[in-house]
Amino acid sequence: QVQVVESGGGLVQAGGSLRLSCAASGRTFSRYSMGWFRQAPGKDREFVAAITWSGGSTRYADSLKGRFTISRDNAPNTVYLQMNSLKPEDTGVYYCAAGSYSQYAWEYAYWGQGTQVTVSS
């Protein structure tokens with residue numbers, strides 16, 4: 001069983017940066033690949049980025065490559081999402097998920113409650 005809790009969201013102006021954190025509990029955290037998703041108002045949840053259990057491989061939504069960076073530190077069980085050059089269209093609730101390296105949300109077993117990111121123009 002893995003529990004995940006996101007933090008670091010907030011209000012930022014366009015062009016600014018935020019770093020989201022995902023703290024995970026559970027002894028087997030280091031064995032789980034992890035992902036970030038986001039959901040804008042009125043839209044479906046979409047894939048943002050994923051990282052393998054070792055941190056050796058990462059993948060990103062094509063539209064976000066170059067602006068977002070996913071990383072992890074297995075001690076202390078944390079995954080990060082560095083977001084740069086933010087745009088108003090990046091606004092939404094950002095979710096951390098554990099259990100897969102997939103771009104598909106249904107392949108993840110554990111989800112956090114989400115953290116709100118709002119980018120003002």
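Which pattern does the protein follow when read along the sequence? In this predicted model, the pattern is β-β-β-β-β-β-β-β-β-β-β. The count agrees with that reading: there are 11 strands and 0 helices. The radius of gyration is 13 Å, close to the 14 Å that the globule rule gives for 121 residues, so the protein is as compact as a globular protein of that length. Taken along the principal axes, the C-alpha atoms fill a box of roughly 40 × 25 × 25 Å.

The next topic is how the chain is arranged within this outline. Of the 121 residues, 45% are buried, a term that stands for a relative accessible area under 20%. Among the contacts with a separation of 6 or more, 56% join residues that are 24 or more positions apart. The accessible surface comes to about 6,300 Å², and carbon and sulfur atoms account for 45% of that surface. As for charge, the protein carries 11 positive and 8 negative side chains. The centres of these two sets lie 5 Å apart.

Strand β8 offers a useful place to look in detail. Strand β8 spans residues 78–83 and is mostly covered, with 5 of its 6 residues buried. Which strands pair with β8? One of them is β3, formed by residues 18–25, which pairs with β8 in the antiparallel sense over 6 bridges. Within this pairing, R19 stands opposite Q82 of β8. Strand β7, formed by residues 68–73, also pairs with β8 in the antiparallel sense, over 6 bridges. Here D73 stands opposite T78 of β8. Strands β7 and β8 form a hairpin with 4 residues between the strands. In this hairpin, N77 takes a positive phi near 55°. When viewing any of these strands, the student may recall a general principle: in a regular strand, the side chains alternate between the two faces of the sheet.

A loop residue completes the tour. Where is W53 placed? This residue lies in the loop between β5, which covers residues 46–51, and β6, which covers residues 58–60. W53 and S30 are 23 residues apart in sequence, yet their C-alpha atoms are 5.8 Å apart in space. Leaving aside residues up to four places away in sequence, W53 touches S30, R31, Y32 and S33, together with R72 and N74. Of these partners, R72 falls within the residue range of β7, 68–73, the strand that forms the hairpin with β8.

Notes. Residues numbered from 1 in each chain as written. Predicted model: local features only at pLDDT ≥ 70, side-chain atom pairs only at ≥ 80, totals over all residues. Heavy atoms only, no water. Buried < 20%, exposed > 50% of the residue type's maximum accessible area, 1.4 Å probe, protein only. Helix = DSSP H or I, 4+ residues; strand = E, 2+ residues; numbered from the N terminus. Pairing = 2+ DSSP bridges. Rg over C-alpha atoms; globule rule 2.2 N^0.38 Å. Contact = heavy atoms within 4.5 Å. Areas by Shrake-Rupley, 256 points an atom, 1.4 Å probe, with all protein chains shown as cover. Lys, Arg positive; Asp, Glu negative; His and termini not counted. Charge placed at Lys NZ, Arg CZ, Asp CG, Glu CD.
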